[in-house]
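Thanks for making time this morning. I would like to take you through one helix and then through the pockets, so please have the model open as I talk.

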Amino acid sequence: MKKTLAAVLLFAGLCLAGTAMAATNAADVTTIAKEAFIYAYPMLYNYKTMAEQTQESFSSAYIGGFGRFRHYSKTYTPDDTDIVTPNNDTPYSWAWLDLRREPWVLKVPALPKDRYNVFQWFDLYTHNFAYVGVRATGYEAGTYLFAGPHWEGTVPEGITKVFRSESDIIGTLTRTGTNGPVRELQQQYGLLPLSEFAGGRPPMPAPAVHWPVWNEKTALSANFISYLNFLLGFTRPHESEKVLLSRFGAIGIGPNRPFNPAALSEDTRNAIEEGVKLGLKKLEEEAAKLKGSSGLFGTREFLKNDYTKRALGAMVGIYGNSLEEAYYASPTRDNNGNPLDGNHQYELRFEKGNLPPVKLFWSFTMYRLPERLLAANEINRYSIGDRTDGLITAKDGSLTIYIQSTPPDGDKKANWLPSPKGPFSIIGRFYGPDPSLIDGTYKMPVPRLIK
């Protein structure tokens, strides 16, 4: 009897995997697929980065696998293409942790008061669930424990703070200020398993994982569900999402659930494909309207389960900092309301006393479109800001940045932010932002068309 019941359940499960929408009309399937794709979008591109950095040993972005830092002692250039809209202000350190076996410990050194660093930690959803660094935890040395959603162990002595993640796979994009030796400081950042930190016996290894090969075309099709189901297997469903995930289950979505588009009817497969197209179209339309980062990056509690905003953050600048750490603004149009284009020339003028109000530093970085990557230029300048050597302030106290593809005349070249010959975008980064930046009280100048 038990074998018969098990066989029935197995058969039902296989049927569900292949014909999940048998009782759902095409319009409903499209609606659910659109919603699910927007939900999945940041997870997909988070996985793209993770797979490239931890699994693809042939990639220039490979960091050596899980549980170790890869430090870059210099800022990103156009040759670095593993993430969109990379910052050009602070050298990066990357690391990914697999928390299934046991928690990991981050050890950080003490810093002098004139140095900057930030350890931004994100989960598989791309929530910024933890911060360590001079703003968040101060300048003192510390040891920080990172535990997954299923860990129930004891915290040993010597741990400064414990951070709990919603997923068993987490990553950090760590930034180190350049006003001092960079490599020497980075090499003092340490990662070690909890058992090693505590001097105990390590637990049994976690099961081996078959990591799906990343394919962007596949991820932007009905088969995004395969990636999503795989990633959900590393999470514990959040209480606030149980009803949502139940709805998604109608089109075959669930942790570790098998999904085979070829087993679906043509109508069902087409309905899911249409949902993906509509979801991507919505994100692209919303991205074109963005003028800043407010509301796009942060914890689950901060984002309030606004999946469109979470996806937009991943689309325009994955791994952006939470507002407390940095504010981002992106002027996309000139003073006439037209899209920015390197076939024209622009000025970005700050009047005396009206520079961006920050506690730390600010910059504007140039990106070529549609790739959203750094734009190569003859002087190898990819950003400009208050730490740029040789900036010239006018006699009236104003500061003007010249944005164009060819060098401006005379002294203006000192304030030149080179653009590509074609569509581009600029992202302003404001570290330690004043509240007036966040609430819109401070009025950011827009690029003024010169010719």
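Let me begin with α8, whose buried residues are covered by elements that include α2 (26–54), α6 (224–232) and α10, where helices are DSSP runs of H or I with at least four residues, strands are runs of E with at least two, and both are numbered from the N terminus. This is a predicted model, in which local features need pLDDT of at least 70, side-chain atom pairs count only at pLDDT 80 or more, and totals for chains, interfaces and linings use all residues. Residues are numbered from 1 along each chain as its sequence is written, and side-chain values use heavy atoms, with hydrogens and water left out.

Among the buried residues of α8, meaning those under 20% relative accessible area with a 1.4 Å probe and protein chains only, are Thr268, Gly275, Leu283 and Ala287.

Now to the pockets, a pocket being an open set of points on a 1 Å grid over the protein atoms alone, where a 1.4 Å probe fits, with protein on both sides within 12 Å along at least five of seven lines, and its lining residues having an atom within 4 Å of a point. The largest pocket is lined by 39 residues, with Val316, Ser330, Thr332, Arg372 and Ser425 nearest its centre. Its largest share of lining, five residues, is supplied by β17, while α8 (266–289) is one of the elements that give at least two.

Which residues lie nearest the centre of the second largest pocket? They are Lys291, Ser330, Pro331, Met444 and Val446, out of 24 that line it, and α8 and β10 each supply at least two residues of that lining.

Methods:
Buried means under 20% relative accessible area, exposed over 50%, partly exposed in between (1.4 Å probe, protein chains only). Contact means heavy atoms within 4.5 Å.
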